[in-house]
Amino acid sequence: MFAITAVAILVVMALALARAFLGPTLYDRILAVNNFGTKTVLLLAVMGFLSGRPEFLDIAIVYVLINFISVIGILRFFEYAGKKTAEEEA
Amino acid sequence: MAILIDIISWILLLAGSFFCFTGGVGLLRFPDFFSRIHAASLTDTLGAGLILIGLMFQAGWGLVLPKLILILLFSAITGTTASHAMAKAALKSGLQPQVVGSVKSESGGAPSNS
């Protein structure tokens, strides 16, 4: 039961990675990385149950928050340089 | 009773992974960034919620349950806030959403991207 969920999450992570590589604009890549991060959290939780070790859930809690902060950090960084990269790609 | 819990968590886990999968497909197939962010973050919150609730049924009344509730709470709050911040930053940097019927350029489908 957990194995099937873990495989499904891995497939979705592959899809998110595909969007990260394909993504034309900068913000598609940030979105794909954010989606990948939240799927990692789910995979951690499921693997915690699969291997019968509850410590994984602590890592998952930290990873949710770190993922959020990293997305906000990336957006803040590109907010000012954003005008240049957006124009280059358009 | 245990069989019932297993069945419920089984259904929730499969439904959650199905919704996560639809989010992943939507992330790939939608033409424009703003439709992709809609696809990704919407199903992301739902899929994660269902999977975590399915895990909660498996966890039972222990220390694991509050941790799972915390994960669900944080992923619900941060997911939506992050996608809002992304959409705002994208709009601010000049990325216009694709208006109906104006599909010209294939570069993310945002024609007036200057």
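A cavity is a set of grid points where a 1.4 Å probe fits but cannot get out, whereas a pocket is an open set. In this predicted model, a search of the whole structure finds four cavities of 30 Å³ or more.

The largest cavity has a volume of about 120 Å³. Its lining comprises 16 residues, and those nearest the centre are A:Thr38, A:Val64, B:Asp44, B:Ser75 and B:Thr78. Both chains contribute helices to this lining: helix 2 (26-50) and helix 3 of chain A, and helix 2 (33-59) and helix 3 of chain B, each supply at least two residues. Helix 3 of chain B provides the largest share, five residues. In chemical character, the lining of the largest cavity divides into eight nonpolar residues, seven polar and one charged.

The open space may be considered next. The largest pocket holds about 170 Å³ of space. Chain A lines this pocket with A:Ile72, A:Leu75, A:Arg76 and A:Glu79, while chain B lines it with B:Ala85, B:Lys88, B:Ala89 and B:Lys92. Two helices each supply at least two residues of the pocket lining, namely helix 3 (55-89) of chain A and helix 3 (64-92) of chain B. The composition of the pocket lining is four nonpolar residues, four charged and no polar.

Helix 3 of chain A and helix 3 of chain B thus appear in the lining of the largest pocket and also in that of the largest cavity. The pocket lining has no polar residues, whereas the cavity lining has seven.

Conventions
Residues are numbered from 1 along each chain as its sequence is written. Chains are lettered from A and ligands numbered from 1 in the order in which they are written. This is a predicted model: local features need pLDDT of at least 70, side-chain atom pairs count only at pLDDT 80 or more; totals for chains, interfaces and linings use all residues. Side-chain values use heavy atoms; hydrogens and water are left out. On a 1 Å grid over the protein atoms alone, a cavity is a set of points where a 1.4 Å probe fits but cannot get out, and a pocket is an open set with protein on both sides within 12 Å along at least five of seven lines; lining residues have an atom within 4 Å of a point. Grid points are joined across faces, edges and corners, and a volume is the space filled by probe spheres set on the points. Helices (H or I, at least four residues) and strands (E, at least two) are DSSP runs, numbered from the N terminus. Ala, Val, Leu, Ile, Met, Phe, Trp, Tyr, Cys and Pro count as nonpolar, Asp, Glu, Lys and Arg as charged, and the others, Gly among them, as polar.
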